[in-house]
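Open the model in your viewer and set it to cartoon. The tour moves from selection to selection, with a short note at each stop.

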Amino acid sequence: MSFFRALSNRAQEDELMDDFSMGGDELREALRHLRRLNKIFAAPGPTKDGVEKLWTLAGCPGTLSILDVGAGSGDVNSRLLRWAKHKGIQLNVTLVDMTREACEEAKLLFRHEPRVKVRQADVRELADASADIVTGAQFIHHFEGEQLIDIISHMLRASRYGVVINDIHRHRLSYSAVWVTTRLISRNRYIRHDGPLSVAKGFKNTDWQQLKEKLGHDSMTYAWKPLFRYSVVIPAKGISQ
């Protein structure tokens, strides 16, 4: 992955993690190294902020169920669990991923956390209203065009209160920072290839505005968050702003 690349438009090439014929120990190592990157770049914050906004719009219920799709090892949810405990919310989180390696890592990471369950599945297979809130952290940048609209539509269908998206701001500074950091902390080819590419496949304000128009959800909001991320909230129909 080159240090120099144009970022005016979203990159279209696939990440290595999109190839489900690969995997094994190298992918499991990548998921562990990705948790380090998430800590460095404050990845959990936008998810927590979005969930708190939807929870407030829903009337601050005392119980809450979260379904995190494309969850990987699900580490961004640790912040949500602490938030819920502080607020006195009875929270249950289901981590959903299509790969066996991600599910194994998630089960290991949350082996002492009874509030977290892990399920190997495709978001398109989930039942209607499967959870109060469906989240996707660093997940939807894997999609583009009509496929992107389709995935988010399935996330909305599976939710009762709405959807929270936490994804990357496509920017020269964030790209450079991720490119350098991945080479400092890891020799894993998934991390070195997919880390910078994730930024190149990320979003800008204009991308979110176009997505809002295509979805036809006037209530959708998006806000920039440190470090170079967006918190996107799409309330379900009937959940007022």
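Select Asp-68 and Thr-135. This is a predicted model, and in it Thr-135 of strand E4 is the bridge partner of Asp-68. Now widen the selection to both strands. E1 covers residues 63–69. E1 and E4 run parallel, joined by three bridges.

Stay on E4, residues 131–137. Color this strand by accessibility. Is E4 enclosed or open to the outside? Seven of its seven residues are buried, so the strand is largely enclosed by the rest of the structure. The cut-off behind "buried" is under 20% relative accessible area.

Next, select Ile-133. Its bridge partner is Gly-162, in E5. Show E5 in full, residues 159–168. Six bridges join E4 to E5, and the two run parallel. What lies between these strands in the β-α-β unit? Add helix H5, residues 145–157. E4, H5 and E5 together form a right-handed β-α-β unit.

Go back to E1 and select Ser-65. Asn-92 in E2 is its bridge partner. E2 spans residues 90–97. Seven bridges pair E1 with E2, again in the parallel sense. To follow the connection, show helix H3, residues 77–87. The chain leaves E1, passes through H3 and arrives at E2. This β-α-β crossover is right-handed.

From E2, pick Val-93. Opposite it stands Val-116, in E3. E3 is residues 116–120. E2 and E3 run parallel and are joined by five bridges. Which helix belongs to the unit that E2 and E3 make? Select H4, residues 100–109. E2, H4 and E3 make a right-handed β-α-β unit.

While the strands are on screen, switch on side chains. In a regular strand, side chains alternate between the two faces of the sheet.

Last stop: Lys-48. Find this residue in helix H2, residues 44–57. Is Lys-48 buried or exposed? Lys-48 has a relative accessible area of 13%. The limit for buried is under 20%, so Lys-48 counts as buried. Show its side chain together with that of Asp-49. The two side chains make a polar contact at 3.2 Å.

Then look for partners of Lys-48 farther along the chain. Set aside its neighbors within four places in sequence, and Lys-48 is in contact with Arg-79, Leu-80 and Trp-83. Keep H3 displayed here: the helix covers residues 77–87. Center on Lys-48 with these three contacts in view, and the tour ends.

Technical notes. Residues numbered from 1 in each chain as written. Predicted model: local features only at pLDDT ≥ 70, side-chain atom pairs only at ≥ 80, totals over all residues. Heavy atoms only, no water. Buried < 20%, exposed > 50% of the residue type's maximum accessible area, 1.4 Å probe, protein only. Helix = DSSP H or I, 4+ residues; strand = E, 2+ residues; numbered from the N terminus. Pairing = 2+ DSSP bridges. Right-handed = clockwise from strand over helix to strand, strands pointing away. Polar contact = N/O pair within 3.5 Å; in protein donor to acceptor, adjacent residues only side chain to side chain. Contact = heavy atoms within 4.5 Å.
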